[in-house]
Amino acid sequence: MSTAASAGRVHVRAPGKINVFLEVGDVQEDGYHDVATAYQAVSLYEDLWASDAEEITAHVSGDVPLGDVPVDERNLAVRAALLLAAATGTDRGAHLEIRKSVPVAGGMGGGSADAAAALVACDALWGTGLSTAELARLGARIGADVPFSLLGGTAIGTGRGDELSPALAHGRFDWVLVLSEEGMSTPVVYGELDAHRARHLVDIGPAPRQPRVDPDVLHALRQGDPGMLAAALRNDLQAPALKLRPDLARALETGERAEALAGIVSGSGPTIAFLAADDASALDLQISLSAAGLTALHVHGPVPGARVV
Ligand code: ATP
């Protein structure tokens with residue numbers, strides 16, 4: 001047992017993510033879409049402290065509007081702790097103190113990061129000693145993005161996005177995020193994509209049978225070349241997200257008129273991620289976006305997955 005765990009309190013930090021590429025295929029029988037995505041973990045973190053307790057409980061605070069984040073067993077971190085307890089047969093409890101910096105319902109996998117952090121923290125607190133692969137299998141039952149938040153770095157996700165293979169990425173990519181006050185529901189955005197595809201079947205054809213990540217994305221990541229990556233960014237959820245939230249198009253235009261190499265809606269939105277050429281350009285871009293009245297944050301990736309601090 002680690003020193004932190006023996007002291008009865010474990011601090012874990014887990015990153016949010018950007019999907020630098022997301023191709024969405026058909027809806028499967030289980031109601032989920034088949035996807036092919038390239039994830040990058042970025043330096044915007046959820047902090048979670050797990051301490052000894054009789055039951056599994058949670059308290060949530062944060063730098064971002066907390067909206068409707070529940071603290072009962074609907075909270076993804078609580079669900080993760082309950083699942084770990086059931087899987088390992090422990091009779092221990094934990095109080096989870098969650099400090100959020102990843103926007104809620106922002107398309108950056110904040111809830112998934114909390115679930116990943118809870119798995120790592122409770123595993124250390126309880127001394128249950130599961131491997132990362134075992135934690136990822138449990139995490140996938142909570143949400144498709146949980147295994148990636150455990151792994152971190154840069155990775156390709158297929159299936160629901162939870163079948164992962166690490167991707168080679170060199171150097172560091174500088175991103176400027178534009179945050180929205182109000183979140184978006186992931187199922188609603190997928191629903192809008194399905195409706196759009198059904199309406200325009202004749203013009204755009206059916207959804208790709210076997211989604212796959214564009215080799216140009218993998219090449220750009222391997223080269224550590226932001227210019228090349230900017231040209232290959234793609235997100236099939238961007239059009240439906242913009243249809244539901246036309247104000248995002250203005251934010252995208254503002255960044256692209258400034259120093260951004262390119263901008264993309266992150267996951268199901270509404271967070272927008274602009275890729276910058278380097279650290280200095282990202283700082284300039286952040287200043288321009290802030291001057292335009294937007295909430296802009298400079299982050300970088302890739303960063304490691306959920307870790308005991
Ligand atoms: P993704 O990019 O993985 O689709 P997201 O980042 O858009 O997800 P989240 O912030 O992970 O969205 O959560 C969406 C919803 O999940 C929230 O509206 C909230 O009701 C519920 N939820 C449950 N637990 C949490 C949690 N710990 N943090 C945030 N939301 C949570």
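Helices are taken here as DSSP runs of H or I at least four residues long, numbered from the N terminus. In the predicted model, G127 follows just after helix 3 and adopts a positive phi of about 65 degrees.

Helix 3 itself comprises the 17 residues 110–126. At 1.5 Å a residue, a span of 24 Å should result, and the C-alpha atoms at the two ends are indeed 24 Å apart, so the expected and modelled values agree. The helix is mostly covered, with 15 of its 17 residues buried.

Two residues of helix 3 were examined individually. A115 belongs to this helix and has a relative accessible area of 0%; because the limit for a buried residue is under 20%, A115 is classed as buried. Leaving aside residues up to four places away in sequence, A115 touches L76, A77, A80, I142 and V146. The separation between A115 and Y45 is 70 residues in sequence, while their C-alpha atoms are 13 Å apart in space.

D114 is likewise located in helix 3. Its relative accessible area is 5%, and D114 is therefore buried. The side chain of D114 is joined to that of K100 by a polar contact of 2.8 Å. K100 also appears in the list of residues touched by D114, together with E46, L48, A77 and I98, when residues up to four places away in sequence are not counted. A77 is thus touched by D114 and by A115.

Aromatic pairing was considered next. The count of aromatic pairs comes to one. This pair is formed by Y39 and F148, whose rings are stacked, with a distance of 4.5 Å centre to centre and an angle of 5 degrees between the planes. Y39 lies in strand 2 (residues 33–53) and F148 in helix 5 (residues 146–151), so the pair ties together parts that are 109 residues apart in sequence. Both partners have little accessible area: Y39 counts as buried at 1% relative accessibility, and F148 is buried at 2%. A further ring, that of Y32, has the charged end of R160 over it, at 3.6 Å from the ring centre.

At the level of the whole chain, the assignment gives domain 1 (9–167) and domain 2 (173–301). The C-alpha centres of the two domains lie 22 Å apart. Domain 1 contributes 31 residues to the contact, and domain 2 contributes 41 residues.

T271 is placed in the loop between strand 9 (262–265) and strand 10 (272–276). Despite this loop position, T271 is buried, with a relative accessible area of 0%. The side chain of T271 reaches the backbone oxygen of G106 at a distance of 2.7 Å. G106 is also among the residues that T271 touches, residues up to four places away in sequence not being counted. The others in this set are P103, M108, L177, V178, L179, I264, V265 and S266.

Definitions and conventions. Residues numbered from 1 in each chain as written. Predicted model: local features only at pLDDT ≥ 70, side-chain atom pairs only at ≥ 80, totals over all residues. Heavy atoms only, no water. Expected span 1.5 Å × (residues − 1). Buried < 20%, exposed > 50% of the residue type's maximum accessible area, 1.4 Å probe, protein only. Contact = heavy atoms within 4.5 Å. Polar contact = N/O pair within 3.5 Å; in protein donor to acceptor, adjacent residues only side chain to side chain. Phe/Tyr/Trp six-rings, centres within 6.5 Å; stacked < 30°, edge-to-face > 60°. Lys NZ or Arg CZ within 6 Å of the ring centre and 35° of its normal. Domains from an automatic or database assignment.
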